[in-house]
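Take a look at the chain below. This briefing picks out some places to find in it, topic by topic.

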Amino acid sequence: MAVAVRSAPALLDKLERLGQAARYDLSCACGPTAGRSRGADDRWIYPAVLPSGERIPLLKVLQEGRCDRGCRYCAQGHGGVADATSFTPEELTRVFFDLRQAGRVDGLFLSSAIRGGAVGSMDRMLATAELVRRSGFRGYLHLKLIPGSGADQIDRAMQLATRVSVNLEAPTAFHLQRVAPSKHLERHLLAAMRQVAAAEAAGRFARAGQTTQFVVGAADETDRDLARASDWLYRRLRLRRVYYSAFQPVPGTALAHRPATPPLREHRLYQMDFLLRKYGFALGEIPFDEGGALARDRDPKTAWAEQHPERFPVEVNTAPVAELLRVPGIGPRTAARLLELRGAEKLRGRSALRAAGVAVRLAAPYLLLDGRRAVPRQLGLF
Ligand code: SF4
């Protein structure tokens, strides 16, 4: 049974509003899969997976609710529907520690709308982070860097936080202008990300690196536009993760009339992202159609495999890891397990594939097991 939180009702009311307002941001440890699953009672608490793999309940909340800027998709934006609720640093620290004491949260994701300028808003977030750290919290703290923050503020955020992030929201300056006309891609967003990357490379920021988020489908960007941007961010700025958040129209905003982006598009982008980050695919190998879209009816690795019959079948018992990773239905953990199992004895049956965690239905047409096809030839693809 949940332990009662001691904070005053007025603070809990703010928590309800500013926690709800933070729900669109997935660029924290609670990103893609856990990001939208919340407890029924604690709607501002998210199950999060930390960079270490540890799972914790994370308080995700805004410092301030209504924004001076006019990002066209954003509920917090000028002219939007958000109320002007805000936490002082002391209030937010108090709520966080009360929740911790009640055993409800074990980490904090702090973001904010912009009131009275980026520097002032970032200062208030930093004051909260300072208080939280000075009060003895050493755990996971994720700070959003507000576009337009000063270089010294970004440095301080890196000292205080476990992880920082800047939300790019759109993959190019052109697309950004369509959805967030007050933001300048280079000056407000990439400059901060470059500063974090440089500090990290210099060993001054050795914790959990930086992440970002794209709003998918708000600016008529293609999947290829997003893939290009993500690939650049991983290679050049060493981002730990890029998150993709399917656009959802918010009543009262400038883009309220736009249709919501289907969750399947977001899902395919995450699959593409895994190919870039974990499977050794180059950007040029990702299969897009002529309009720059990923296939919706199959995952991108299967689409690639179907276009490259010359690469298959691969022999489970001898193929190097890089080749196993090209097989649909085999991920990095499964490939490692296959290597372990085949080191002990030759793998011959489909039960051995299952034991390694292979998605047999997907993978079998692409595999040889001890020289024999893992599926009868008439059922195979080639
Ligand atoms: S700056 Fe952030 S909070 Fe403000 S309108 Fe834009 S996306 Fe929303």
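The points below go from confidence to domains, ligand, strands and backbone.

This is a predicted model. The chain averages a pLDDT of 89. A score of at least 70 is reached by 91% of the residues.

**Confidence**
- Residues 28-37 have a pLDDT below 50. Beyond near neighbours in sequence, this stretch has 30 contacts in the model.
- Residues 377-382 stay under 50 in pLDDT. For these residues the model has 6 contacts beyond four places in sequence.
- Where pLDDT is low, the predicted coordinates should not be read in detail.

**Domains**
- The domain assignment gives domain 1 as residues 9-285. Domain 2 covers residues 308-379.
- How far apart are the C-alpha centres of domain 1 and domain 2? They lie 39 Å apart.

**Around the ligand**
- Which residues are around the ligand? They are C67, R69, C71, C74, Q76, G77, A113, I114 and A180.
- By class, this shell has 6 nonpolar, 2 polar and 1 charged residues.
- R69, one of the residues around the ligand, also gives a useful distance. Its C-alpha atom is 8.9 Å from that of P181. Along the chain, R69 and P181 are 112 residues apart.
- P181 is in the loop between α5 (173-179) and α6 (185-201). P181 is partly exposed, because 13 other C-beta atoms lie within 10 Å.

**Strands β6 and β7**
- Strand β6 spans residues 210-216. β6 and β7 run parallel and are joined by 6 bridges.
- One pair to find is T212 and V242. V242, in β7, is the bridge partner of T212.
- Is strand β7 largely enclosed or open? In β7, residues 241-246, 5 of the 6 residues are buried, so the strand is largely enclosed by the rest of the structure.

**The sheet of β8, β9 and β10**
- These 3 strands form an open sheet. Their order is β8-β9-β10, and the pairing is mixed.
- The edge strands are β8 (314-315) and β10 (372-373). Each of these edge strands pairs on one side only.
- Strand β9 takes in residues 367-369. β9 and β10 pair in the antiparallel sense, over 2 bridges.
- L368 stands opposite R373 in β10.
- In a regular strand the side chains alternate between the two faces of the sheet.

**Backbone exceptions**
- Most residues other than glycine have a negative phi, and most peptide bonds are trans. The next points show exceptions.
- E169 is not a glycine, yet its phi is positive, near 70 degrees. E169 sits in the loop between β5 (163-165) and α5.
- Is E169 buried or exposed? E169 counts as buried, because it has 24 C-beta neighbours inside 10 Å. The cut-off for buried is 20 or more.
- R238 is not a glycine either, and has a positive phi of about 55 degrees. R238 lies in the loop between α7 (223-236) and β7.
- R238 counts as partly exposed, because it has 14 C-beta neighbours inside 10 Å.
- The peptide bond from F312 to P313 is cis. Its omega is near -5 degrees.
- Where is P313? P313 lies in the loop between α9 (300-307) and β8.

Note on methods
Residues are numbered from 1 along each chain as its sequence is written. This is a predicted model: local features need pLDDT of at least 70, side-chain atom pairs count only at pLDDT 80 or more; totals for chains, interfaces and linings use all residues. pLDDT is the predictor's confidence in each residue, from 0 to 100. Two residues are in contact if their C-beta atoms, placed from the backbone, lie within 7 Å. A residue is near a molecule or strand if its C-beta atom, placed from the backbone, lies within 6 Å of it. Ala, Val, Leu, Ile, Met, Phe, Trp, Tyr, Cys and Pro count as nonpolar, Asp, Glu, Lys and Arg as charged, and the others, Gly among them, as polar. Two strands pair if DSSP finds at least two bridges between them. Helices (H or I, at least four residues) and strands (E, at least two) are DSSP runs, numbered from the N terminus. A residue is buried if 20 or more other C-beta atoms lie within 10 Å of its own, exposed if 12 or fewer, and partly exposed in between; C-beta atoms are placed from the backbone. Domain bounds come from an automatic or database domain assignment.
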